[in-house]
Amino acid sequence: TSIKDPLEMAIKIMEHPSVHMHGPEHHYLPAAVLISAYYRANNHPELIEKSLLAVRERAEKIPGGFCGSHGSCGAGLSTGIFMSVITGSTPYAKEEWRLGNMMTAKSLLRIAESGGPRCCKRVTYQSILEAVKFTKEKLNVSIPCEGISTCTFFKFNKECLFMNCEFYNPKIQITNVSSELNSGACCFGEINEFKTFFSFLEKTSN
């Protein structure tokens with residue numbers, strides 16, 4: 001893509017009919033768009049493809065419903081994956097290890113403060129925004145991101161917080177996405193949905 005804003009990328013991807021309203025594809029999404037945006041902002045687009053593969057391999061290990069069963073939202077963990085990949089962190093690293101864990105902590109804190117129930121769109125926005133800010137503060141790399149004034153997916157979410165969500169604006173019309181997949185229930189605990197998502201993309205790209 002020629003898009004440089006990770007939030008804009010994420011929204012366009014979430015509007016795709018293969019992406020559920022809730023599901024473990026959101027455990028990969030924040031890291032994926034952040035990787036693309038970071039390496040473009042850092043003038044190293046040649047590193048995107050290899051890094052996306054590393055991110056996908058790690059994100060696939062986070063099952064659906066992880067936020068409720070393990071107290072760690074997959075979208076928040078995704079930003080830690082992003083930071084670990086771009087810094088080359090390992091279990092033996094020092095500063096890189098610290099940055100990866102701190103990135104995850106920042107994202108999870110913002111997610112936790114908004115309260116439940118789950119919303120994969122809300123936590124995706126929050127995670128990306130926290131990562132953009134953190135990347136600037138710690139790595140001095142400015143990722144273009146205009147932010148978001150409203151979420152257009154709220155009518156697909158039966159657990160939406162509405163006025164209690166920072167991204168809710170009832171005056172904005174809903175996106176034109178109308179697929180049953182998008183409005184479907186969360187694939188709670190089913191990692192197979194993640195693989196189905198990628199199988200769909202691989203099939204349509206051939």
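Buried, as I use the word here, means under 20% relative accessible area. I applied that cut-off to S36 to begin with, working on a predicted model.

**Entry: S36**

I looked up where S36 sits and found it in helix α2. The relative accessible area of S36 is 8%, so S36 is buried. I then listed what S36 touches, leaving out residues up to four places away in sequence, and got T1, M9 and I48.

**Entry: the chain as a whole**

I counted eight helices and zero strands in the chain. Along the sequence, the pattern reads α-α-α-α-α-α-α-α. The chain has 206 residues, and 49% of them count as buried. I also checked how the contacts are spread over sequence separation. Among contacts in the chain with a separation of 6 or more, 70% are between residues 24 or more positions apart.

**Entry: V55**

I took V55 as a second buried position to look up. V55 is in helix α3, which spans residues 48-59. The relative accessible area of V55 is 0%, so V55 is buried. Without residues up to four places away in sequence, the list of what V55 touches is Y28, A31, A32, I35, I81 and V85. I noted one C-alpha to C-alpha distance as well: V55 and H27 are 9.8 Å apart in space and 28 residues apart in sequence.

**Entry: α1 against α7**

Two packed helices are described by the angle between their axes and the distance between the axes. I looked up both values for helix α1 (residues 6-14) and helix α7 (residues 120-139). The angle is about 160°, and the axes are 10 Å apart. Angles over 145 degrees count as roughly antiparallel, and α1 and α7 are therefore roughly antiparallel to each other. Their crossing is right-handed.

I listed the residues on both sides of this contact. Helix α1 contributes P6, L7, A10, I11 and M14, which meet K121, T124, Y125, I128, L129 and V132 of α7. Sorted by class, the residues of the contact of α1 with α7 are nine nonpolar, one polar and one charged.

**Entry: α2 against α7**

I repeated the lookup for helix α2 (residues 29-41) and α7. These two pack at an angle of about 40°, with their axes 10 Å apart. The crossing of α2 and α7 is right-handed. On the α2 side, I found L29, P30, V33, L34 and Y38, and on the α7 side T124, S127, I128, A131, V132, T135 and L139. The class split for the contact of α2 with α7 is nine nonpolar, three polar and no charged.

I compared the α7 residue lists of the two contacts. T124, I128 and V132 of α7 appear in the contact with α1 and also in the contact with α2.

**Entry: salt bridges**

I searched the whole structure for salt bridges and found six. I looked into three pairs, one of them being R56 with E60.

R56 and E60 form a salt bridge in which the closest N and O atoms are 3.5 Å apart. R56 has a relative accessible area of 22%, so R56 is partly exposed.

E166 and R110 meet through their side chains in a salt bridge of 2.7 Å, N to O. This pair links distant parts of the chain, with E166 in the loop between α7 and α8 (192-205), R110 in helix α6 (residues 95-114), and their positions 56 residues apart. Relative accessibility is 44% for E166, which counts as partly exposed. R110 is at 22% and also counts as partly exposed.

R118 pairs with E159, the closest N and O atoms being 3.1 Å apart. R118 is in the loop between α6 and α7 and E159 is in the loop between α7 and α8, so the salt bridge ties together parts 41 residues apart in sequence. R118 counts as partly exposed at 27% relative accessibility, and E159 is partly exposed with a relative accessible area of 22%.

**Entry: a network**

Which residues are linked to R110 and E166 in a network of salt bridges? I found that E130 and K133 join R110 and E166 in that network.

Notes: Residues numbered from 1 in each chain as written. Predicted model: local features only at pLDDT ≥ 70, side-chain atom pairs only at ≥ 80, totals over all residues. Heavy atoms only, no water. Axes fitted to C-alpha atoms, helices over the stretch in contact; angles between N-to-C directions. Helix = DSSP H or I, 4+ residues; strand = E, 2+ residues; numbered from the N terminus. Parallel < 35°, antiparallel > 145°, perpendicular 65-115°, else oblique. Left-handed = near helix turned anticlockwise from the far one by under 90°. Contact = heavy atoms within 4.5 Å. Nonpolar A, V, L, I, M, F, W, Y, C, P; charged D, E, K, R; others polar. Salt bridge = Lys/Arg side-chain N within 4 Å of Asp/Glu carboxyl O. Buried < 20%, exposed > 50% of the residue type's maximum accessible area, 1.4 Å probe, protein only.
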